[in-house]
Amino acid sequence: MVKLTEDMKEAFSKVKIFPFATASKAGIPNVIPIGMCQLVDDETIWITDNYFLKTRENLDENPVASVFVWGPEVGACFQIKGDVEVKTSGEDYDKAYAAAKARGDKYPAKALMVMKITEVFECISGDNAGKKLL
């Protein structure tokens, strides 16, 4: 697995809504905004499934995803790719469920997507755009 740098972790912490991209086994893409996205350590991201439909179908078929880190307050732009494990029980899921419910009863926390970071790419325009950072 790949570990984010301190600068990347700081940038990640400033983002409120993350674009979360998946693709079906046939390669049909889907991107959704995610608010419950948490960096739990240098190489793992937790994403709570509250209202996934196509995203969950895609992850069941093709367990890889991408998170885009960008915003005016961030001062950086990078794309994180990783392998995803779907959890609907266990200690990690229970923690994510409790965190979602603490934000409001309207969040069902149907599952926890545990994304292990495999690659990070530059997104800022210029000569290094699209280059692999990690």
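Is Arg56 buried, partly exposed or exposed, and what is its relative accessible area? The legends below work through a predicted model, and this residue comes first.

**Figure 1. Arg56 and Asp60 form a salt bridge within helix H2.** Arg56 is partly exposed, at a relative accessible area of 22%. That value puts Arg56 in the middle class because buried means under 20% and exposed means over 50%. The side chain of Arg56 meets that of Asp60 in a salt bridge, 3.3 Å from N to O. Both residues belong to helix H2, four residues apart, or about one turn of the helix.

**Figure 2. Helix H2 packs on the sheet.** Seven strands make up an open sheet. Their order is S2-S1-S5-S6-S7-S4-S3, and the pairing is antiparallel. The edges are strand S2 (29–34) and strand S3 (37–41). Each has a single partner strand, so one side of each lacks a neighbour in the sheet. From one strand to the next, the twist averages 30°. Helix H2 (residues 54–61) touches S1, S2, strand S4 (44–49), S5, strand S6 (77–87) and S7. The direction of H2 makes about 50° with that of S1.

**Figure 3. Helix H3 lies across S4, S6 and S7.** Helix H3 covers residues 91–103. H3 runs at about 60° to S4. A salt bridge joins the side chains of Glu91 and Lys95, at 3.5 Å from N to O. The two are four residues apart in H3, which means a separation of about one helical turn. How accessible is Glu91? Glu91 counts as exposed, at 58% relative accessibility. Lys95 counts as partly exposed, at 45%.

**Figure 4. Strand S1 pairs with S2 and with S5.** Strand S1 spans residues 18–23. S1 and S2 pair in the antiparallel sense over six bridges. Within this pairing, Phe20 has Ile32 of S2 as its bridge partner. S1 also pairs with S5, again antiparallel, over two bridges. Here Ala21 stands opposite Ser66 in S5.

**Figure 5. Ser66 is buried in strand S5.** Strand S5 covers residues 64–70. Ser66 has 10% relative accessibility, so it counts as buried. What does the side chain of Ser66 reach at 3.2 Å in Ile80? The answer is the backbone oxygen of Ile80. A polar contact, also of 3.2 Å, joins the side chains of Ser66 and Gln79. Leaving out residues up to four places away in sequence, Ser66 touches Pro19, Phe20, Ala21, Gln79, Ile80, Lys81 and Met115.

**Figure 6. S5 and S6 form a hairpin.** Seven bridges join S5 to S6, and the two strands run antiparallel. Val69 stands opposite Phe78 in S6. The hairpin has six residues between the strands. Which phi does Gly75 take in this hairpin? Gly75 takes a positive phi near 75°.

**Figure 7. Glu122 is buried without a salt bridge.** Glu122 sits in strand S7 (residues 111–122). How far away is the nearest side chain of opposite charge? That side chain belongs to Lys131, and it is 10 Å away. The side chain of Glu122 reaches the backbone nitrogen of Ile124 at 3.1 Å. Beyond four places in sequence, the residues that Glu122 touches are Cys77, Asn128, Ala129, Gly130, Lys131 and Leu133.

**Figure 8. Glu10 and Lys14 meet in helix H1.** Helix H1 covers residues 6–14. The side chains of Glu10 and Lys14 form a salt bridge, 3.4 Å from N to O. Four residues separate them in the sequence of H1, about one turn of the helix. Glu10 is partly exposed, at 44% relative accessibility. Lys14 is partly exposed, at 32%.

**Figure 9. Glu6, Lys9 and Asp42 share a salt-bridge network.** Salt bridges link Glu6, Lys9 and Asp42. How many salt bridges does a search of the whole structure find? The search finds eight. Among them are the pairs Glu10–Lys14, Arg56–Asp60 and Glu91–Lys95.

Methods. Residues are numbered from 1 along each chain as its sequence is written. This is a predicted model: local features need pLDDT of at least 70, side-chain atom pairs count only at pLDDT 80 or more; totals for chains, interfaces and linings use all residues. Side-chain values use heavy atoms; hydrogens and water are left out. Buried means under 20% relative accessible area, exposed over 50%, partly exposed in between (1.4 Å probe, protein chains only). A polar contact is a pair of N or O atoms within 3.5 Å; within protein, one must be able to donate a hydrogen and the other to accept it, and residues adjacent in sequence count only if both atoms are side-chain atoms. Contact means heavy atoms within 4.5 Å. Lys and Arg count as positive and Asp and Glu as negative; His and the chain ends are not counted. A salt bridge is a side-chain nitrogen of Lys or Arg within 4 Å of a carboxyl oxygen of Asp or Glu. Two strands pair if DSSP finds at least two bridges between them. Axes are lines fitted to C-alpha atoms, for helices over the stretch in contact, and angles run from 0 to 180 degrees between N-to-C directions.
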